[in-house]
Amino acid sequence: MTVVNEGATAIANLIKDAYQVIAIGDGRDSTSPSQTGLNNFVFQKTGQVPTVVGSMLVYTVDFTGSEIPPSGASELGIFANGTTNGNGTLLSRVTFTNTGVVASGDTVSFIINVEVGN
């Protein structure tokens, strides 16, 4: 059975309301479908409400250099509301090239697109 466009948009809106925590870490391994958290949690931001465009959720979040450790950030996860210190229900995780040291006054911006449905 295929999820139709209207259904995918409805699912995206359910996710929008339930998953508003973005966490970063400095783990490096690839993501497994059985993953339940980040490899090494560093910092999280709550209240990160995505924009829904059709069946796509678009999250935009900024982390300052003071929120990123000297080891840098190399993984990011989207978690359910109520997550504390990276302990909660993980929706999605991605790894990327490590940011390295970020000056405390600088900002690293992430734009995350999550596609729901076909």
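**Entry 1: S5 and S6**

I began at Glu75, which stands opposite Thr95 in S6. The model I am reading is predicted. I then looked up the pairing around this position: S5 and S6 run antiparallel and share five bridges.

I followed the sheet outward from there. It is open, has four strands in the order S2-S1-S5-S6, and pairs them antiparallel. S2 (41-45) and S6 are the edge strands, each pairing on one side only. For the twist I noted an average of 20° from one strand to the next.

**Entry 2: Thr83**

I went on to the loop that joins strand S5 (75-79) to strand S6 (90-95), where Thr83 is found. Is Thr83 buried or exposed? I read a relative accessible area of 5% for Thr83, under the 20% cut-off, so I logged this residue as buried. Its side chain reaches the backbone oxygen of Ala80 at 2.6 Å. Leaving out residues up to four places away in sequence, I listed Val21, Gln44, Gly88 and Thr89 as the residues that Thr83 touches.

**Entry 3: S4 and its partners**

I checked which way the side chains of S4 point, and they alternate. Leu57, Tyr59, Val61 and Phe63 point to one face and are buried. Met56, Val58, Thr60, Asp62 and Thr64 point to the other face and are not buried.

I next looked up the pairing of S4. With S3 there are three bridges in the antiparallel sense. With strand S7 (residues 107-115) there are nine, again antiparallel. Leu57 appears in both pairings: Val52 stands opposite Leu57, and Leu57 stands opposite Val114 in S7.

I also looked at the connection between S3 and S4. These strands form a hairpin with two residues between them. Gly54, in the turn, has a positive phi of about 65°.

**Entry 4: Helix H1**

I turned to H1 (residues 5-18), which has 14 residues. From first C-alpha to last I noted 20 Å, close to the 20 Å expected at 1.5 Å a residue.

Which residues of H1 are buried? I found Ala8, Ala12 and Ile15. They cover an arc of only 60° around the axis, so they lie on the same side of H1. The spacing fits the general rule: an α-helix has 3.6 residues a turn, so residues three or four places apart point the same way.

I then asked what the buried residues of H1 pack against. They pack against strand S3 (51-53), strand S4 (56-64) and S6. On the face turned away from the buried side I recorded the exposed residues Glu6, Leu14 and Asp17.

Technical notes:
Residues are numbered from 1 along each chain as its sequence is written. This is a predicted model: local features need pLDDT of at least 70, side-chain atom pairs count only at pLDDT 80 or more; totals for chains, interfaces and linings use all residues. Side-chain values use heavy atoms; hydrogens and water are left out. Buried means under 20% relative accessible area, exposed over 50%, partly exposed in between (1.4 Å probe, protein chains only). A polar contact is a pair of N or O atoms within 3.5 Å; within protein, one must be able to donate a hydrogen and the other to accept it, and residues adjacent in sequence count only if both atoms are side-chain atoms. Contact means heavy atoms within 4.5 Å. The expected span of a helix is 1.5 Å times one less than its number of residues. The arc is that of the directions from the helix axis to the C-beta atoms. Two strands pair if DSSP finds at least two bridges between them. Axes are lines fitted to C-alpha atoms, for helices over the stretch in contact, and angles run from 0 to 180 degrees between N-to-C directions.
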